[in-house]
Amino acid sequence: MTAGRERSTKRGADAGEEGSAGPAYNEGVSNDPNTAPDPVPHRADLGKDPSRVSGMFDEVAPHYDRTNTVLSLGNDQLWRIATTRAVAPRLGQRILDLAAGTGASSVSFARSGAEVVAADFSPGMIAEGKRRHAGIPNLTFVEADATNLPFDDAEFDTVTISFGLRNVVEPKKALAEMLRVTKPGGRLVICEFSHPPAPLFAGLYRFYNNRVLPVVAKAVSSNAPAYDYLNESIQHWPAQSKLSAWIREAGWTDVAHRDLSFGIVALHRATAPSAATSTAASTASSTTPNPAHGATQGTAPSTKAPEAESTPTER
Ligand SMILES: C[S@@+](CC[C@H](N)C(=O)[O-])C[C@H]1O[C@@H](n2cnc3c(N)ncnc32)[C@H](O)[C@@H]1O
């Protein structure tokens with residue numbers, strides 16, 4: 001392990017050699033992912049420097065997918081299948097897979113014939129994705145920051161992000177950007193670690209994360225200490241209902257979620273307001289523009305759902 005690697009790990013690697021870098025939230029305030037206030041990156045260096053996150057992913061890119069499969073006990077494949085079903089890609093659609101990494105999910109969207117753009121801000125992950133999936137003409141890799149996307153308004157039918165939002169330093173800004181680039185009536189699908197609601201299972205899961213994962217990580221990764229950060233970032237990431245509230249606040253409608261693997265992962269879905277809704281909303285909100293959406297935006301409704309609002313769950 002190089003000194004540089006050591007530094008980047010300490011600042012934010014949360015899944016070690018093949019895992020996720022990312023800010024953790026709300027340290028010292030509350031550990032309840034539903035009641036904790038909005039994100040305050042507590043590993044300050046990482047929060048201020050997304051390039052460290054990007055750099056860490058550059059380093060882990062070659063072995064990222066394999067170790068994910070080992071550490072998730074193969075469940076990552078099931079989560080990707082569920083995500084692909086939720087995205088429901090079709091020929092003729094244009095799909096943005098954000099924080100796509102090496103394109104592990106993007107490739108299954110592309111099988112439908114849809115035009116898929118796999119965007120990530122880690123050049124190393126993008127390079128690995130391009131190398132692996134060079135022969136797929138309808139899959140394009142683009143280097144892009146989720147909080148400042150290099151795409152026009154309303155370019156995509158569906159925007160999706162898998163195990164990426166938790167790693168974005170400003171996730172709410174990313175949610176607003178995702179809405180900006182989605183067509184009115186288009187869809188959002190987020191696959192992300194979450195919080196098992198059943199206390200008994202939640203206890204078992206904590207035991208796995210705290211006791212088993214570090215041992216397995218040591219066996220399969222040369223960067224085992226970084227797995228502490230995976231555990232930490234998952235613990236501090238908002239639970240299902242709070243993430244739903246964030247999505248609504250960003251302007252998405254029809255927000256719903258479904259638990260996978262008893263809530264270890266949650267699949268959130270939402271719809272971009274239709275053109276009629278967004279026109280009415282942009283008129284109503286013309287005195288309070290959302291700077292994150294830029295001058296041409298009119299897609300975010302002015303109504304903000306309260307944090308406590310219940311979230312429909314899908315079964
Ligand atoms: C845990 S990986 C997930 C990769 C892939 N989506 C998957 O399911 O395997 C998280 C990815 O988020 C990317 N990422 C983190 N912050 C980002 C940002 N602000 N903009 C774009 N990508 C970002 C990282 O570079 C990394 O590739």
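This briefing describes the fold of one protein chain, from its overall make-up to a few individual residues. The structure is a predicted model. The protein chain contains twelve helices and seven strands, and buried residues account for 49% of its 315 residues. Among contacts between residues at least 6 apart in sequence, 68% link residues at least 24 apart.

**Confidence of the prediction**

- The mean pLDDT of the protein chain is 76, and 66% of its residues reach 70 or more.
- Residues 1–48 have a pLDDT under 50 throughout, and the model gives this stretch 124 contacts beyond four places in sequence.
- Residues 284–311 also have a pLDDT below 50, with 49 contacts in the model beyond near neighbours in sequence.
- Where pLDDT is low, the predicted coordinates should not be read in detail.

**The sheet**

- Seven strands form an open sheet with mixed pairing, in the order β3-β2-β1-β4-β5-β7-β6.
- The edges are occupied by β3 and β6; each has a single partner strand, so one side of each lacks a neighbour in the sheet.
- On average, neighbouring strands of this sheet are turned by 15° against each other, with direction ignored.
- Strands β4 and β5 (residues 182–193) run parallel and are joined by six bridges.
- T160 has V189, in β5, as its bridge partner.

**Helices lying across the sheet**

- Helix α7 (residues 123–132) lies across β2 (115–120) and β3, and runs at about 165° to β3.
- Helix α8 (residues 171–181) lies across β1 (94–98), β4 and β5, and runs at about 145° to β5.

**Helix α9**

- Helix α9 covers residues 199–220, and its 22 residues should span 32 Å at 1.5 Å a residue; the end C-alpha atoms are 29 Å apart, which agrees with that expectation.
- At V212, α9 bends by about 45°, and the proline P214 follows within four residues.

**T140 in an edge strand**

- T140 is located in strand β3, which stands at an edge of the sheet.
- T140 counts as partly exposed because 16 other C-beta atoms lie within 10 Å, a number between the limits of 12 for exposed and 20 for buried residues.
- Leaving aside neighbours within four places in sequence, T140 is in contact with V117 and A118.
- T140 and G103 are 37 residues apart along the chain, and their C-alpha atoms are separated by 9.6 Å.

**Two residues with positive phi**

- Most residues other than glycine have a negative phi, and most peptide bonds are trans.
- A154 is not a glycine, yet has a positive phi of about 55°.
- The place of A154 is the loop between β3 (139–143) and β4 (156–162).
- A154 is buried because 20 other C-beta atoms lie within 10 Å, and 20 or more is the condition for a buried residue.
- S261 likewise is not a glycine and has a positive phi, of about 50°.
- S261 belongs to the loop between β6 (253–260) and β7 (265–271).
- S261 has 18 C-beta neighbours inside 10 Å and therefore counts as partly exposed.

Conventions:
Residues numbered from 1 in each chain as written. Predicted model: local features only at pLDDT ≥ 70, side-chain atom pairs only at ≥ 80, totals over all residues. Helix = DSSP H or I, 4+ residues; strand = E, 2+ residues; numbered from the N terminus. Contact = placed C-beta atoms within 7 Å. pLDDT = per-residue confidence, 0-100. Expected span 1.5 Å × (residues − 1). Bend = angle between axes of the 7 residues up to and from the residue. Pairing = 2+ DSSP bridges. Axes fitted to C-alpha atoms, helices over the stretch in contact; angles between N-to-C directions.
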